[in-house]
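I opened the notebook to record what I looked up in this entry. The order is the whole chain, then the copies, then single residues.

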4 protein chains.
Amino acid sequence: MPTSPLLDQISRLMNEQIPFHRLIGLEVKRFASDISEVQFHWQADLIGNVPQGILHGGVTATALDMCGGLVAIAGVVETLPDDTSPDEVIQRISRCGTIDLRVDYVRPGRGKTFITTAHTIRSGNKVAVARMEMHNEDNMLIAFGTGTYMVG
Amino acid sequence: MPTSPLLDQISRLMNEQIPFHRLIGLEVKRFASDISEVQFHWQADLIGNVPQGILHGGVTATALDMCGGLVAIAGVVETLPDDTSPDEVIQRISRCGTIDLRVDYVRPGRGKTFITTAHTIRSGNKVAVARMEMHNEDNMLIAFGTGTYMVG
Amino acid sequence: MPTSPLLDQISRLMNEQIPFHRLIGLEVKRFASDISEVQFHWQADLIGNVPQGILHGGVTATALDMCGGLVAIAGVVETLPDDTSPDEVIQRISRCGTIDLRVDYVRPGRGKTFITTAHTIRSGNKVAVARMEMHNEDNMLIAFGTGTYMVG
Amino acid sequence: MPTSPLLDQISRLMNEQIPFHRLIGLEVKRFASDISEVQFHWQADLIGNVPQGILHGGVTATALDMCGGLVAIAGVVETLPDDTSPDEVIQRISRCGTIDLRVDYVRPGRGKTFITTAHTIRSGNKVAVARMEMHNEDNMLIAFGTGTYMVG
């Protein structure tokens, strides 16, 4: 099983079948072990500060956590044998999880589209560490963060 | 204006008028500068790991961030003069915000009701630091965290 | 090999044979998987802020990291078979390491004696998470932190 | 007073008069509000893991914290009026301090020379946030981190 179709399949799963991703509208745009990207659009439901009209910090944390989890998961998927069945892949991924997450809020979350990218900083057979950033459509840095993930 | 009715009023505002709190079902149960408490109930929309049926880490991060923000805000409100108008209070609060957040995920987010508590660790006229914990209805520790908030 | 003598032996090793611990004067006072304690005394060499006469933040970070590492290591040692040789124990411990560390500085580092305690929050066969605090001899909280450690 | 000579003067102070910097051998190489750099050389006193011969994590934390503090301080110094006296500058700086620090350990601390760089991510009149990295002389990334600093 070549990696790309498999990653495509997992992307669809992440977009369509994870309830909290759907609630926020998080969408996987890139999914690889070196860089992953997640995008979502402004919607009134995501507001945390009403007088100032800015995103809830929890939305930002969710997008960063998801994006960091993606690069970590991609690193796991790349190590699986080619003949791993989709069910086995999903079982394997479902055992991954966030150990800890740090989010630094740099600017108020204002914009139309928010793009989160993640890079793998440390990749191991047990733990992966990713660094994440979130920009808006004007390429303003809104937040960055670091996530440590259990992968094995 | 005595502090308690004011805090009650802000609680209602937090529960009813902040869109992302309503989306998740976050509800303020206690709101004071020494300890604040936020609660929410399990719902399928909050799932992040489908095969294992556990909460999305972003939901946990949102609840911890909100709860830490509450103790920080309560500290601000307590310093306001008695005759501060509700509008001024809201303006004052709307300038507060999370600087950074760390979440440590201890156990899978499973349960019927999730209770988040926050304590103020450092309280200043510019920055407040809070420590937060999330338990389920069986008092199992699911996550803890630390938040640094701009308050002045 | 009973655990206590082994932990005593490792304590002596930590105090006497780790160069950076000796430089700062860090001393293991308790060493167990539920709670560990590290102590050091004020000395002019540890100053980071000269006009105010307060400890360098790096000294505090070092003490917290060491203390968190101790509870993590104690958890590992407890799982070793009774007949593990001291050399094997040391080899096993030397493969443990800090993945990430967060330190929150609450009050200026002033005092005569600084006591750091660590509790295990998450204990696994790969990763352990500890929560740490540092007080001075008047029981004033100076800093707290969280450490994630690779243990297997 | 032009900024550069003032920053030069503070650099010397940081190198020569802060006891814990001297103990570790930390030396300011660049000192500006956009990027600062700190360097130190391997010495046996800095070892934390004897069997593996690697730096103590507290040494790394100290270097990252110092370097992040430098960019934060440089941001403060740049806002001071030209005729600020050196004494006033030192008093002003001595009121700055680390609020919180996160360190991510990526590779074992091995090398001859360790170079830490810091960039300002958020600069305000109350709080500054910096991102830091530490490489060895072969440009291997050993650790990175984030620091939040009180600056006003």
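The entries below go from the overall build to the individual positions I checked.

**Entry 1. Status of the model**

I noted at the start that this is a predicted model.

**Entry 2. Build of chain A**

I began with the secondary structure and found 4 helices and 8 strands in chain A. Read from the N terminus, I get the order α-α-β-β-β-β-α-α-β-β-β-β. I then looked up the radius of gyration, which is 15 Å for chain A, close to the 15 Å that the globule rule gives for 152 residues, so the chain is as compact as a globular protein of that length. Along the principal axes, the C-alpha atoms of chain A fill a box of roughly 55 × 30 × 25 Å.

**Entry 3. Burial, contacts and charge in chain A**

I asked what share of the residues in chain A is buried. The figure is 59% of the 152 residues. For contacts in chain A with a separation of 6 or more, I wrote down that 62% are between residues 24 or more positions apart. I have the accessible surface of chain A at about 5,900 Å², with 48% of it belonging to carbon and sulfur atoms. The charge count gave me 13 positive and 17 negative side chains in chain A. The centres of these two sets lie 6 Å apart.

**Entry 4. Chains A and B**

Next I checked how the copies are related. A turn of 180° with a shift of 0.0 Å along the axis lays chain B on chain A, at an RMSD of 0.0 Å. The two copies are thus related as by a two-fold rotation axis. I found that 100% of the contact residues of chain B recur in chain A, and the same surface serves both copies. Which residue of chain B comes closest to the rotation axis? I found Arg102(B), with its C-alpha at 2.2 Å.

**Entry 5. Chains B and D**

I repeated the check for chain D. Chain D superposes on chain B by a rotation of 180° with 0.0 Å of shift along its axis, and the RMSD is 0.0 Å. In chain D, I find the C-alpha of Lys126(D) nearest the axis, 3.5 Å from it. Here too I read that the same surface serves both copies, with 100% of the contact residues of chain D recurring in chain B.

**Entry 6. Thr60(A)**

I located Thr60(A) in helix α3 of chain A, which spans residues 57–79. Its relative accessibility is 3%, so I list Thr60(A) as buried. Leaving aside neighbours within four places in sequence, I find Thr60(A) in contact with Leu55(A), Val103(A), Tyr105(A), Met134(A) and Ala143(A). I also took the C-alpha distance from Thr60(A) to Gln17(A), which is 20 Å across 43 residues of sequence.

**Entry 7. Phe114(B)**

I placed Phe114(B) in strand β6 of chain B, residues 113–123. Is Phe114(B) buried or exposed? Its relative accessibility is 0%, and as the cut-off for buried is under 20%, I list Phe114(B) as buried. Not counting residues up to four places away in sequence, its contacts include Val38(B), Phe40(B), Trp42(B), Leu55(B), Met134(B) and Ile142(B). I noted that the C-alpha atoms of Phe114(B) and Val151(B) are separated by 27 Å, with their positions 37 residues apart along the chain.

**Entry 8. Leu13(D)**

I found Leu13(D) in helix α1 of chain D, residues 3–16. Leu13(D) is partly exposed, with a relative accessible area of 26%. Not counting residues up to four places away in sequence, Leu13(D) touches Ile18(D) and Ile90(D). Leu13(D) and Ile90(D) are 77 residues apart in sequence, and I have their C-alpha atoms at 9.7 Å from each other.

**Entry 9. Asn139 in chains B and D**

Last, I looked up backbone angles. Most residues other than glycine have a negative phi. Asn139(B) has a positive phi of about 65° although it is not a glycine. I place Asn139(B) in the loop between β7 (127–136) and β8 (141–150) of chain B, and at 60% relative accessibility Asn139(B) counts as exposed. For Asn139(D) I also found a positive phi, near 65°. Asn139(D) sits in the loop between β7 (127–136) and β8 (141–150) of chain D. I list Asn139(D) as exposed, at 58% relative accessibility.

Notes: Residues are numbered from 1 along each chain as its sequence is written. Chains are lettered from A and ligands numbered from 1 in the order in which they are written. This is a predicted model: local features need pLDDT of at least 70, side-chain atom pairs count only at pLDDT 80 or more; totals for chains, interfaces and linings use all residues. Side-chain values use heavy atoms; hydrogens and water are left out. Copies are superposed by least squares on the C-alpha atoms of residues with pLDDT of at least 70 in both. Contact means heavy atoms within 4.5 Å. Helices (H or I, at least four residues) and strands (E, at least two) are DSSP runs, numbered from the N terminus. The radius of gyration is taken over C-alpha atoms; the globule rule is 2.2 Å times the number of residues to the power 0.38. Buried means under 20% relative accessible area, exposed over 50%, partly exposed in between (1.4 Å probe, protein chains only). Accessible areas come from the Shrake-Rupley method with a 1.4 Å probe; for residues, only the protein chains shown count as cover. Lys and Arg count as positive and Asp and Glu as negative; His and the chain ends are not counted. The place of a charge is taken as NZ of Lys, CZ of Arg, CG of Asp or CD of Glu.
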